[in-house]
Amino acid sequence: MTEKNNQLKPLTFFNVAALYVGTLMGAGFASGREGWQFFGVFGTKGYMGLMISGSLFMIIGMMVSYIARKKNTQDMGRIIDFTDSPKVSAAIGYLMAGILYTIIISMSAAGGSFLNQQFGLPQAVGGLLIVILVIITVLGDFERISKIFRLITPALFAIDVLLCIIVMNMDIQQSGATEGFPVSGMASTWHFAAILFVCYNMLGMIPIVGEASVKAKSQGHGIFGAAAGGFMLFLLTLLLITALRKDMAFTNAMDLPMLAYAAKISPVANIVFGTVLFAAIYSAATSTYYGFSTKIKDGPKKKYILIAGAFIGFLCGLTGFNTIVAYLYPAEGYIGIVILLSIIINFIKTWRENRGKTDNDDE
């Protein structure tokens, strides 16, 4: 490990899993909006798609962890690029940074949708608050992000799971249609939607899981922590989809459906889940914006670029969260398919190069 990495307390299996989950558990994920758009609208066939995506979350996380650990790199380009060409790796890294930047747009939009649905505040208020929190955290670098995620992710996950179980056991009648919901034109079949769901979510995971794995106690902590994180994401999505099927028409009409269900339970549940959801929006926005920040050259201008970039993303996010989930996410999923194939090739190549070698730091 490098001297810089040894200055930080090595991360455990649980820490790596928490960082993986925290990166993906944004507004769309925690509220069930993404699960409904990519799985729920396909009815029972959506469950088959979920099985595919759950397996891929685990496998891809383990691959990213292995590559990062063996190459001792946190660089997105080197984790993805199988050619080992500095120019190709740099180009891929900057492409990834551009993609990750768009997530600050969707998360600021989600923050706006949240406060608008919860309190009737203008969309701009929630988006602006998310952007400010993200800037404060990202300027503190990976160590600050890691500490925050290790604290909040377990609580977010547990509360979301609990709410799903409560909703599944509520006496709720279907208020409208139970099929025929509109699907995204870019993800029109359940199997392709499942792959796209993983591919665009994977983009935000790569820099965080890669860096967490390099800073893990051992290769085993990194790889199996990533596998555990992928399984937790599968489990949460399964519970979310099942809960959201209680009233499909109601679910389909809501920007943040689980928040709407929490309001049906009680005012207290609404406040608790609202807090969880806002924290989830913040965590996803922070992790992906940190990934974007790693490709900006260090120096006195870096913080000003990050601040300006975040506020520009906020302005773009005023287009609305539902629109972004339906169109921007699937488009990024197409790019993610190419990146996924490259990661698979890079993993096979890295595994062959290291087969039979002894890992001294993992003893």
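# Buried, exposed and bridged

Q: At 37% relative accessibility, which label does Ile132 get: buried, partly exposed or exposed?
A: This is a predicted model: local features need pLDDT (the predictor's confidence in each residue, from 0 to 100) of at least 70, side-chain atom pairs count only at pLDDT 80 or more, and totals for chains, interfaces and linings use all residues. Residues are numbered from 1 along each chain as its sequence is written, and side-chain values use heavy atoms, with hydrogens and water left out. Buried means under 20% relative accessible area, exposed over 50%, and partly exposed in between (1.4 Å probe, protein chains only). Ile132 has 37%, so its label is partly exposed.

Q: Which element of the protein chain has the lowest mean pLDDT?
A: The chain averages a pLDDT of 86, and 91% of the residues score at least 70. Over residues 1-6, though, the pLDDT is below 50. Where pLDDT is low, don't read the predicted coordinates in detail. With helices taken as DSSP runs (H or I, at least four residues) numbered from the N terminus, the lowest mean, 42, belongs to helix α1.

Q: Which helix gives the largest share of the largest nonpolar core?
A: A nonpolar core is a set of buried Ala, Val, Leu, Ile, Met, Phe, Trp, Tyr and Cys residues joined through side-chain atoms within 4.5 Å. The largest one here has 107 residues, and Met202 and Tyr289 are among the members touching the most others. Its largest share, 15 residues, comes from helix α10.

Q: Is Leu306 buried or exposed?
A: Leu306 sits in helix α15. Beyond its neighbours within four places in sequence, its contacts (heavy atoms within 4.5 Å) include Val138, Tyr289 and Phe292. Its relative accessibility is 4%, so Leu306 counts as buried.

Q: How many residues apart in sequence are the parts tied together by Asp75 and Lys295?
A: Their side chains meet in a salt bridge (3.0 Å, N to O), meaning a side-chain nitrogen of Lys or Arg within 4 Å of a carboxyl oxygen of Asp or Glu. Asp75 lies in the loop between α5 and α6, and Lys295 in the loop between α14 and α15, so the pair ties together parts whose separation is 220 residues.

Q: Which residue is linked with Lys71 and Asp84 in a network of salt bridges?
A: Lys71 and Asp84 pair up at 3.0 Å, N to O. Lys71 is buried at 15% relative accessible area, while Asp84, at 39%, is partly exposed. The other residue in their network is Lys349.

How values were computed
Helix = DSSP H or I, 4+ residues; strand = E, 2+ residues; numbered from the N terminus.
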